Amino acid sequence: MKPAAFDYVRAESVAHAAQILAGAGSDGKVIAGGQSLMPMMNFRLVKPSVLVDINAIAGLDHVELNGSRLRIGALVRHFMTACDPIIAQHAPIVTEAMKHVAHLTVRNRGTFCGSVCHADPAAEMPMMTVLLDGRIHAVSTRGMRIIPIGEFFAGSLVTSLEPDELVTTVDLATTGREMGYGFHEFARRHGDYALAAVAVLMRREAGKARDVRIAVMGVGEMPSRVPAAEEVIEGNELCDAAILRATESLRTAISPNSDLNASADYRRHLAGALAGRAIRDAWSRAREAVPA
Amino acid sequence: MTTVKREISVTVNGLRHSVSVEPRMLLSDMLRHELGLTGTHVGCEQGVCGACTILLNGRSARSCLTLAVQADGAEIETVEGQGTPEALGRVQQAFRDHHGLQCGFCTPGFIMTITDILRNHELSGDDEIREALSGNICRCTGYEHIVDAVRELVREKEARP
């Protein structure tokens with residue numbers, strides 16, 4: 001339960017970090033909060049040759065509103081995301097989801113961007129990035145590229161990030177005031193990884209649900225949208241029958257795994273139940289857009 | 001990859017130390033093996049149990065998920081900074097008054113988490129207290145007496161002008 005030997009560099013700037021990663025071949029690893037990486041290093045599941053610590057880099061601990069996008073820097077920790085007023089105003093579903101993230105001491109260190117890079121299929125930050133059309137800003141000595149979330153996750157704990165790239169920012173779509181939201185999660189113990197969770201966004205237009213988004217986590221290799229369930233709700237007035245049809249199509253669309261915490265059947269049932277609650281919450285919070 | 005040691009400077013419970021550590025040395029091991037501060041307990045070494053919780057620059061952190069080199073220049077507080085057997089710290093006294101421990105293995109981690117709670121968080125009801133303590137595992141007490149101790153500390157803090 002001790003990490004294998006490695007070189008350690010405390011990066012002074014993003015450029016410095018990129019330079020060290022470029023020199024590390026494919027064995028470099030970035031550490032921010034370290035709340036997922038350090039356990040893996042203690043188990044020697046991860047054995048980097050060089051560990052690049054970005055905690056001392058100035059300017060990465062901000063949340064900013066840039067037009068219609070929220071920019072979350074690489075050193076924004078979970079406790080900061082959870083109480084950030086810009087996020088609460090422009091993407092309240094993230095604030096809602098953060099209530100389920102880990103425990104107090106882990107929230108002090110863990111970061112939003114780090115969690116997205118870790119790509120745990122049952123973590124809230126990757127799911128929020130999927131739900132809100134996130135983009136990952138990755139810097140290397142070859143320059144900066146912006147990776148749309150659809151091209152980022154490649155499987156459980158696997159992303160398309162190159163080994164020499166450092167994520168400096170994740171940006172997310174904002175949601176307007178009229179956008180209703182719902183987030184429901186079930187974990188065996190509050191703060192533990194979810195057995196399943198469902199997030200829903202929608203607004204109302206002439207009494208019908210519009211711009212419906214439904215995302216799930218914990219029930220597949222990576223968090224994902226569920227277009228089949230979205231289509232059932234989109235353009236319709238919400239009623240019990242529509243919610244039932246949506247939860248049934250969600251259950252059909254997902255393929256959860258069985259593990260020691262829950263069977264696939266149980267997870268499928270749970271995801272449907274959580275989806276029903278999240279859809280109702282989103283509908284009840286949604287407002288009619290005020291005509292200009 | 002290197003096992004070459006490097007000098008770091010850390011302030012622990014107000015005392016400055018220069019320590020020579022390998023980059024891979026965990027902060028928990030540095031506190032225990034290099035400084036002899038064995039009050040910080042090592043349970044799971046994967047961030048789950050909370051026994052190794054310390055304060056890093058004023059906020060609680062898992063010392064098993066922190067490298068000693070990362071703490072270079074940092075202010076660290078451990079359970080040894082809370083009080084002495086003759087003059088217990090306030091949180092320690094509350095644990096004693098409410099029978100908040102049995103075997104005591106998890107206690108240093110709880111004490112440090114609660115110190116963070118009292119300094120940096122506004123809690124009111126028992127649900128919030130339990131949620132704030134949920135990252136620390138105790139296999140003896142069933143938590144009831146720990147919650148009693150924290151409730152008293154929270155009330156005491158609220159009563160202060």
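Visitor: What makes a residue of chain B count as buried, and what share of the 161 residues gets that label?

Guide: The model is a predicted one, and 47% of the 161 residues of chain B count as buried. The test is a neighbour count: a residue is buried if 20 or more other C-beta atoms lie within 10 Å of its own, so each residue in that 47% passes this cut-off.

Visitor: How do you know whether chain B agrees with a compact globule or not?

Guide: Set its radius of gyration against the rule: 161 residues would give a compact globule near 15 Å, and chain B has 16 Å, so the two agree. Along the principal axes, the C-alpha atoms of chain B fill a box of roughly 50 × 35 × 30 Å.

Visitor: And what is chain B built from, in helices and strands?

Guide: Five of each. Along the sequence the pattern reads β-β-α-β-β-β-α-α-α-α. Take the contacts in chain B with a separation of 6 or more: 57% of them join residues 24 or more positions apart.

Visitor: Over in chain A, why are S1 and S2 said to stand at the edges of the sheet?

Guide: The sheet is open, with three strands in the order S1-S3-S2 and parallel pairing. S1 and S2 (28–31) of chain A each have a single partner strand, so one side of each lacks a neighbour in the sheet. On average, neighbouring strands here are turned by 25° against each other, direction ignored.

Visitor: What makes S2(A) and S3(A) a pair?

Guide: Pairing takes at least two bridges, and S2(A) and S3 (residues 50–53) have four, in the parallel sense, so they qualify. Val50(A) in S3(A), for instance, is the bridge partner of Gly28(A). Helix H1 (residues 14–23) lies across S1, S2 and S3 of chain A, running at about 170° to S3(A).

Visitor: How many residues of domain 2 and domain 3 of chain A are in contact?

Guide: 19 residues of domain 2 are in contact with 19 of domain 3. On the domain 2 side, helix H5 (92–98), helix H8 (124–131) and strand S8 (153–155) each give two or more residues. By class, that side has 13 nonpolar, four polar and two charged residues. The domain centres, taken over C-alpha atoms, are 21 Å apart.

Visitor: And what makes up the side of chain A that touches chain B?

Guide: 26 residues of chain A are in contact with 26 of chain B. Strand S1 (7–10), helix H2 (37–42) and helix H6 (104–107) of chain A each supply at least two residues of that side. Its classes are eleven nonpolar, ten polar and five charged.

Methods
Residues numbered from 1 in each chain as written. Chains lettered and ligands numbered in written order. Predicted model: local features only at pLDDT ≥ 70, side-chain atom pairs only at ≥ 80, totals over all residues. Contact = placed C-beta atoms within 7 Å. Nonpolar A, V, L, I, M, F, W, Y, C, P; charged D, E, K, R; others polar. Domains from an automatic or database assignment. Axes fitted to C-alpha atoms, helices over the stretch in contact; angles between N-to-C directions. Rg over C-alpha atoms; globule rule 2.2 N^0.38 Å. Buried ≥ 20, exposed ≤ 12 C-beta atoms within 10 Å, placed from the backbone.
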